[in-house]
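User: Please examine one part of the model below closely, namely the pairing of its strands. A connected account, with the cut-offs of each term given once, would be appreciated.

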Amino acid sequence: MGSFKAISCWSFPRPGEEAEFERHYWDVHVPLAAAIPGTVSLTLTRTDEGLEDAKPSYYRVAETVFESKDALEAAMRTPQWQALRADAAVMHERFGVTLANGLGNPVAVELTAEG
């Protein structure tokens, strides 16, 4: 089975609003995302550490997998998708966050052991 992935990267909420952002994210936004028709998997990461002691580039990353690009495009025409997008707009306004998105076909790389 093929797959097509949507990756969404949230910026940091305004200082002091992290707890309220997390509450809204888990109580409102995540259930909306999980209800999107055609979703194969949803992986959520709170990036609370950066590489080599740097600040993380994003606050949260969501990876949503669909069977194909067509399946994602069909999902984008549903009321559930519209509800998710409307809530994202609320979060932009309420917490001062931005959202960067990307789409693509994931490719698994076979790892080999050395020596």
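Over how many bridges, and in which sense, do β1 and strand β3 (residues 60-66) pair?

Analyst: Strands β1 and β3 are joined over seven bridges, and they pair in the antiparallel sense. The model is a predicted one, in which local features need pLDDT of at least 70 and side-chain atom pairs count only at pLDDT 80 or more, whereas totals for chains, interfaces and linings use all residues. Residues are numbered from 1 along each chain as its sequence is written, and side-chain values use heavy atoms, with hydrogens and water left out.

The setting of this pair may be described before its details. The protein chain comprises three helices and four strands (DSSP runs numbered from the N terminus: helices are H or I of at least four residues, strands E of at least two). Read from the N terminus on, the elements of the protein chain follow the order β-α-β-β-α-α-β. The C-alpha trace of the protein chain spans about 50 × 40 × 20 Å along its principal axes. Of the contacts in the protein chain with a separation of 6 or more, 75% are made by residues 24 or more positions apart (contact means heavy atoms within 4.5 Å).

The four strands form an open sheet in the order β2-β3-β1-β4, with antiparallel pairing (two strands pair if DSSP finds at least two bridges between them). Strands β2 and β4 stand at the edges of this sheet; each has a single partner strand, so one side of each is left without a neighbour in the sheet. From one strand to the next, the twist averages 15 degrees (axes are lines fitted to C-alpha atoms, for helices over the stretch in contact, and angles run from 0 to 180 degrees between N-to-C directions). Strands of a sheet pair through backbone hydrogen bonds, either parallel or antiparallel.

The register of the β1-β3 pair can be followed through individual residues. Ala6 has Thr64 of β3 as its bridge partner, and Ile7 has Glu63 of β3 as its bridge partner. Strand β1 covers residues 4-10, and six of its seven residues are buried. Strand β3 is likewise mostly covered, with six of its seven residues buried. For comparison, 30% of the 115 residues of the protein chain count as buried (buried means under 20% relative accessible area, exposed over 50% and partly exposed in between, for a 1.4 Å probe and protein chains only). In a regular strand the side chains alternate between the two faces of the sheet.

β1 has a second partner in strand β4 (residues 99-104), to which it pairs over six bridges, again in the antiparallel sense. Within that pairing, Trp10 has Leu99 of β4 as its bridge partner.

On the other side, β3 is joined to β2 by seven bridges, and these two strands run antiparallel. Here Leu44 stands opposite Ala62 in β3, while Arg46 has Arg60 of β3 as its bridge partner. Helix α1 lies across β1, β2 and β3, and runs at about 165 degrees to β2.

Thr39 offers a closer view of the edge strand, for it is found in β2. Thr39 is partly exposed, at a relative accessible area of 25%. Leaving aside residues up to four places away in sequence, Thr39 touches Ala33, Thr64, Val65 and Phe66. Of these, Thr64 is also the bridge partner of Ala6 in the pairing described above. The C-alpha atom of Thr39 is separated by 21 Å from that of His24, although the two residues are 15 apart along the chain.

The connection from β2 to β3 also merits attention. Glu52 is placed in the loop between these strands, and it has a positive phi of about 55 degrees although it is not a glycine. Glu52 is exposed, with a relative accessible area of 73%. Asp53 is placed in the loop between β2 and β3 too; its phi is positive as well, about 70 degrees, although Asp53 is not a glycine. Asp53 counts as exposed, at 82% relative accessibility.
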